[in-house]
Amino acid sequence: MVDSKFPLEGIAQFRAARDDEARKLAARRVRAHVTQHVDDIANKYLLAGETQDVALMFVPSESVYADLVEHFDDVVQRAHRARVVIVSPR
């Protein structure tokens, strides 16, 4: 299963943050939104005996993927443990 509804607003705020406090707030928002999205995908699309063992969470660009890997490794690892693979267009 491939999911393509990625919560992009938090990443945009993270990138636009002008100071440390705004960046921390945006990072918390990214973590919360992406973690919730991972959990939703895992619960909705990974059904024992009915679906494949892995779901793909499509992010809209290579740069979003790079931001997640560079700044939110904890979220990427959580997705991996939930059997949700984060993938980019490339």
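This is a short tour of helix H3, strand S3 and Arg 15 in a predicted model.

Let's start with H3, which spans residues 62-71 and has Val 64, Asp 67 and Leu 68 buried. Those buried residues sit on the same side of H3, because they cover an arc of only 95° around the axis. What lies over them? The cover over the buried residues of H3 includes the elements in this table.

| Covering element | Residues |
|---|---|
| Helix H1 | 9-16 |
| Helix H2 | 20-45 |
| Helix H4 | 73-81 |
| Strand S3 | 84-87 |

S3 is worth a look of its own. Its covered face holds Val 84 and Ile 86, while Val 85 and Val 87 make up the uncovered one. S3 also has a partner strand: S2 (residues 55-58) runs parallel to S3, and four bridges join the two. If you want one of the pairings to click on, Ala 55 has Val 84 as its bridge partner in S3. So Val 84 turns up twice here, on the covered face of S3 and as the bridge partner of Ala 55.

Now for Arg 15, which belongs to helix H1. Is Arg 15 buried, exposed or partly exposed? Its relative accessibility is 43%, so Arg 15 counts as partly exposed; the in-between class starts where buried ends, at 20%, and exposed means over 50%. Leaving aside residues up to four places away in sequence, Arg 15 touches Ser 63, Val 64 and Asp 67. Among these, Val 64 and Asp 67 are buried residues of H3. As for Ala 27, that residue is 12 residues from Arg 15 in sequence, and their C-alpha atoms are 9.5 Å apart in space.

Methods
Residues are numbered from 1 along each chain as its sequence is written. This is a predicted model: local features need pLDDT of at least 70, side-chain atom pairs count only at pLDDT 80 or more; totals for chains, interfaces and linings use all residues. Side-chain values use heavy atoms; hydrogens and water are left out. Buried means under 20% relative accessible area, exposed over 50%, partly exposed in between (1.4 Å probe, protein chains only). The arc is that of the directions from the helix axis to the C-beta atoms. Contact means heavy atoms within 4.5 Å. Two strands pair if DSSP finds at least two bridges between them.
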